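Subject: Structure handover

Hello,

Here is the structure I said I would pass on. Please open it beside this message, as the notes below refer to residues by number.

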Amino acid sequence: MIVLETRRLLLRRLEPRDAPALLAVFGDPEAMRFSDHGVRDLPWVEGWLAGCLESYRQRGFGPYAVVERESGEVVGYCGLTHHPDLGGRPEVALGYRLARSRWGRGYASEAVAALLAYAIHTLRLRRVVAQIDPHNPASVRVAEKAGMRYERDLLLEGYTHPDRLYVVTAPP
Ligand SMILES: CC(C)(COP(=O)(O)OP(=O)(O)OC[C@H]1O[C@@H](n2cnc3c(N)ncnc32)[C@H](O)[C@@H]1OP(=O)(O)O)[C@@H](O)C(=O)NCCC(=O)NCCS
């Protein structure tokens, strides 16, 4: 199911058949450099995909496949995850991760801008956050270009150093 279309990308609901394309991203040490968990394997990716399908059912949103229109390939994911307790409150968090071969083309900025507009204007979410490692300048830049602003540092259980919490809120 296609959720969003941008000039060069489609965002659609993930499906179990996307596991190999997602493994190419979650299994790449460079793409996982700022994750405290390191690279992931196929069983983990399959479990993550099952969680995405559950999120669509329960919430009506989730992480989405990012499809490059020109090639038709799944080049990563970008989407929203509900967290019952993120630093002491429920939050909807934006997440994105692309295949290294597609970095530096403005794809993340294109996907995130469209997704945040969808979150605020279509899903009517009041607030969306992004947890970003301060040493990940590309991700900080993507969030800031999409209009997110730094709110506070957040040290989550199991993490070795605090992330920065970026936030966008719906207009009053
Ligand atoms: C973060 C990520 C999604 C960015 O994807 P992308 O499609 O290359 O991003 P874009 O091209 O839209 O924009 C990147 C911006 O960061 C800038 N940037 C990239 N590397 C940078 C660096 N080392 N220092 C400063 N700025 C940098 C780019 O110049 C660009 O800004 P600009 O448009 O003003 O020039 C991609 O690198 C990725 O998947 N990384 C691994 C996973 C990850 O870190 N996800 C985010 C977790 S919070």
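The notes below cover the annotated domain, the ligand site, the salt bridges and a few single residues.

The model is predicted, so please read every value below as computed from that model.

**Domain**

The UniProt record, an unreviewed entry, lists residues 9-171 as "domain: N-acetyltransferase". Over that range the chain is 31% helix and 33% strand. The C-alpha atoms at the two ends of the range are 27 Å apart.

**Ligand site**

The ligand is surrounded by 19 residues. Gly104, Ser109, Asn136, Arg141 and Lys145 are the closest of them. By class, the shell is made up of nine nonpolar, six polar and four charged residues.

Which elements each supply at least two residues of the shell? They are strand E5 (89-98), helix H3 (107-122) and helix H4 (137-145). H4 gives the most, with six residues.

Three polar contacts to oxygen atoms of the ligand can be checked directly:

- Asn136 has a side-chain N or O atom 2.7 Å from a ligand oxygen.
- Gly106 places a backbone N or O atom 2.8 Å from a ligand oxygen.
- Ala108 has a polar backbone atom 2.9 Å from a ligand oxygen.

On its own, the ligand has 960 Å² of accessible area, and the protein covers 69% of that.

**Salt bridges**

Side chains of opposite charge can pair when their charged atoms come close. The structure holds 14 salt bridges, and I describe a few of them here.

In the pair Glu110 and Arg8, the closest N and O atoms are 2.7 Å apart. Glu110 belongs to helix H3, while Arg8 sits in the loop between strand E1 (2-5) and strand E2 (9-13), so this salt bridge ties together parts that are 102 residues apart in sequence. Are the two partners buried or exposed? Glu110 counts as buried because its relative accessibility is 15%, under the 20% limit. Arg8, with a relative accessible area of 23%, is partly exposed.

Glu73 and Arg102 form another salt bridge, and here the closest N and O atoms are 3.2 Å apart. Both partners are in loops: Glu73 in the one between strand E3 (63-68) and strand E4 (74-86), Arg102 in the one between E5 and H3, so the pair ties together parts that are 29 residues apart in sequence. Glu73 is partly exposed at a relative accessible area of 40%, whereas Arg102 is buried at 13%.

A further salt bridge joins Glu151 to Arg152, with the closest N and O atoms 3.2 Å apart. Glu151 has a relative accessible area of 28% and is partly exposed. Arg152 also counts as partly exposed, with a relative accessibility of 27%. Which residues share partners with this pair in one network? Salt bridges with shared partners join Arg89, Glu91 and Arg127 to Glu151 and Arg152.

**Single residues**

Most residues other than glycine have a negative phi. Arg124 is not a glycine, yet its phi is positive, at about 60°. Where is Arg124? Arg124 lies in the loop between H3 and strand E6 (127-132). With a relative accessible area of 63%, Arg124 is over the 50% limit and therefore counts as exposed.

Arg12 is in strand E2. Arg12 is buried, with a relative accessible area of 10%. Its C-alpha atom is separated by 9.3 Å from that of Tyr77, and the two residues are 65 apart along the chain.

Asp18 is in the loop between E2 and helix H1 (19-26). Is Asp18 buried or exposed? Asp18 counts as buried, at 3% relative accessibility. A polar atom of the Asp18 side chain lies 2.7 Å from the backbone nitrogen of Glu15.

Regards

Technical notes: Residues are numbered from 1 along each chain as its sequence is written. This is a predicted model: local features need pLDDT of at least 70, side-chain atom pairs count only at pLDDT 80 or more; totals for chains, interfaces and linings use all residues. Side-chain values use heavy atoms; hydrogens and water are left out. UniProt positions are given in the numbering used here, feature names are shortened, and annotations may be inferred rather than shown by experiment. Helices (H or I, at least four residues) and strands (E, at least two) are DSSP runs, numbered from the N terminus. A residue is near a molecule or strand if one of its heavy atoms lies within 4 Å of it. A polar contact is a pair of N or O atoms within 3.5 Å; within protein, one must be able to donate a hydrogen and the other to accept it, and residues adjacent in sequence count only if both atoms are side-chain atoms. Accessible areas come from the Shrake-Rupley method with a 1.4 Å probe; for residues, only the protein chains shown count as cover. Ala, Val, Leu, Ile, Met, Phe, Trp, Tyr, Cys and Pro count as nonpolar, Asp, Glu, Lys and Arg as charged, and the others, Gly among them, as polar. A salt bridge is a side-chain nitrogen of Lys or Arg within 4 Å of a carboxyl oxygen of Asp or Glu. Buried means under 20% relative accessible area, exposed over 50%, partly exposed in between (1.4 Å probe, protein chains only).
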